[in-house]
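Me: I should like to learn how the features of a structural model are read, one at a time. Could we work through an example together?

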Amino acid sequence: MALETLFLPDLLWEPVISNALREDFGTGGDVTTQALMQGQPTLRASFVARQDGRLAGLPGARLAFTLLDGRTRFTPFRQEGDRITRGDVLAEVEGPASAVLGGERVALNLLSHLSGIATTTGQIVDAVEGTGVSICCTRKTLPGLRALQKYAVRAGGGSNHRHRLDDAIMLKDNHLALFGSNIPAALAAARQRAGHLMKIELEVDSLAQLAEALECPDGPDAYLLDNMTPAMLREAVNMIEGRAIAEASGGITPDTARSITESGVDILSLGWLTHSVKALDIGLDIRTA
């Protein structure tokens, strides 16, 4: 993936990094480093991959040090979204020991977490390669980390669903309950509210619901086909006939992703890309400069 497509301004990284540093430093700062540091030593440290994966989060790792001391230099050797191999040196940081040691844990936590998301996303993307199906995340993100986690999904070759509630109208079963599960009435109300640039998606969990929605003049732009079997998904795609985007969600794993794409859906959305992912093992090897 081209680096420019992964750009996220420091404005979105800084609040997360600043809060994490304040959480780590408390009111007394890094008392261990303060107790052991003699003078103003300079340290150099290398970020090293301990396992294969995909890389995401270097801009955040950089800020974990430079926010503590502007004299710190951060040099990346790999780009965001790169496939990395165990033993690869990803970046180097050099600066005052107080900044390098103080920012170490925040930098590693974020880099490992976001690289874990990119790695897992990349594995699913690879599993459906050649099908033309997009792998998409959801709003099931950790509070305060949504912009960064969705960025990491893109670094892994995936795409993003809604970022916020105001991005699009998405009618789920709990919303339909406001209209007594009357799909035509709910769609008509949604279409009346939507501006000319706002999309509408309807969640359905049965072919009967889908058939009812397809009869509506105010039909949605996309259907979220929730927890359907591959056979149901194939039938649903045939019913939609390209009139709207078909998105499959629920029960999708690396083992089932390929077979689900064969139903003809356009998108697979997976909440666990962000809420249950395992961190990628990355270490920081420190030495005196």
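The dialogue below takes up an annotation, the sheets, two helices, the cysteines and the backbone angles.

Reply: Please keep in mind throughout that this is a predicted model.

Me: Let us begin with the record. Which residues does the annotated domain cover?

Reply: The unreviewed UniProt entry places "domain: Quinolinate phosphoribosyl transferase C-terminal" on residues 117-285. In the model, this span is 38% helix and 17% strand, and its end C-alpha atoms lie 23 Å apart.

Me: How should a sheet be read, and in what order do the strands of the open sheet lie?

Reply: Strands of a sheet pair through backbone hydrogen bonds, either parallel or antiparallel. Here, 6 strands make up an open sheet with parallel pairing, and their order is β6-β11-β10-β9-β8-β7. At its edges lie β6 (134-136) and β7 (169-171), each of which pairs on one side only. On average, and with direction ignored, neighbouring strands of this sheet are turned by 25 degrees against each other.

Me: How many bridges join β6 to β11?

Reply: There are 3 bridges between β6 and strand β11 (residues 267-269), and the two run parallel. One pair can be located by eye: I135 has L268 in β11 as its bridge partner.

Me: Which strands pair with β5 in the antiparallel sense?

Reply: Strand β1 (residues 42-49) runs antiparallel to β5 and is joined to it by 7 bridges. Strand β3 (residues 73-76) also pairs with β5 in the antiparallel sense, over 4 bridges. For the β1 pairing, A45 is bridged to V93 of β5; for the β3 pairing, T75 is bridged to E92 of β5.

Me: Why is β5 described as largely enclosed?

Reply: In β5 (residues 89-96), 7 of the 8 residues are buried, so the strand is largely enclosed by the rest of the structure.

Me: Within that strand, is E92 buried or exposed?

Reply: In a regular strand the side chains alternate between the two faces of the sheet. E92, in strand β5, has a relative accessible area of 18% and is buried, since the limit for that class is under 20%. Leaving aside residues up to four places away in sequence, E92 touches R44, A45, S46, R73, F74, T75, F77 and R287. Among these contacts is T75, the bridge partner already mentioned.

Me: Let us turn to helices. Which residues of α9 are buried, and why do they lie on the same side?

Reply: Helix α9 (residues 230-240) has L233, A236, V237, M239 and I240 buried. These residues lie on the same side of α9 because they cover an arc of only 160 degrees around the axis. The buried residues of α9 pack against α8 (207-214), β9 (222-226), β10 (245-249) and α10 (257-261).

Me: How many residues of α5 are buried?

Reply: Helix α5 (residues 146-155) is mostly covered, with 8 of its 10 residues buried. They are L148, Q149, K150, Y151, A152, V153, R154 and A155. The packing partners of these buried residues are α1 (10-25), β2 (53-54), α3 (58-66), α4 (97-127) and α11 (272-275). G157, which follows α5, has a positive phi near 95 degrees.

Me: How are cysteines assessed, and how many disulfides are found?

Reply: A disulfide is a covalent bond between the sulfur atoms of two cysteines. A search of the whole structure returns 0 disulfides. For C136, the closest cysteine sulfur is that of C137, and the separation of 5.3 Å is too far for a bond; the cut-off is 2.5 Å. C137 is likewise in no disulfide, its nearest cysteine sulfur being that of C136. C136 counts as buried at 3% relative accessibility, and C137 counts as buried at 0%.

Me: Finally, what does one look for in phi, and where does S181 lie?

Reply: Most residues other than glycine have a negative phi, and most peptide bonds are trans. S181 is not a glycine, yet its phi is positive, about 60 degrees. S181 lies in the loop between α6 (173-176) and α7 (183-193).

Me: Is E241 buried or exposed, and in which loop does E241 lie?

Reply: E241 is exposed, with a relative accessible area of 63%, and belongs to the loop between α9 and β10. E241 follows α9, and its phi is positive, near 55 degrees, in a residue other than glycine.

Conventions: Residues numbered from 1 in each chain as written. Predicted model: local features only at pLDDT ≥ 70, side-chain atom pairs only at ≥ 80, totals over all residues. Heavy atoms only, no water. UniProt positions renumbered as here; feature names shortened; annotations may be inferred. Buried < 20%, exposed > 50% of the residue type's maximum accessible area, 1.4 Å probe, protein only. Arc of directions from axis to C-beta. Contact = heavy atoms within 4.5 Å. Pairing = 2+ DSSP bridges. Axes fitted to C-alpha atoms, helices over the stretch in contact; angles between N-to-C directions.
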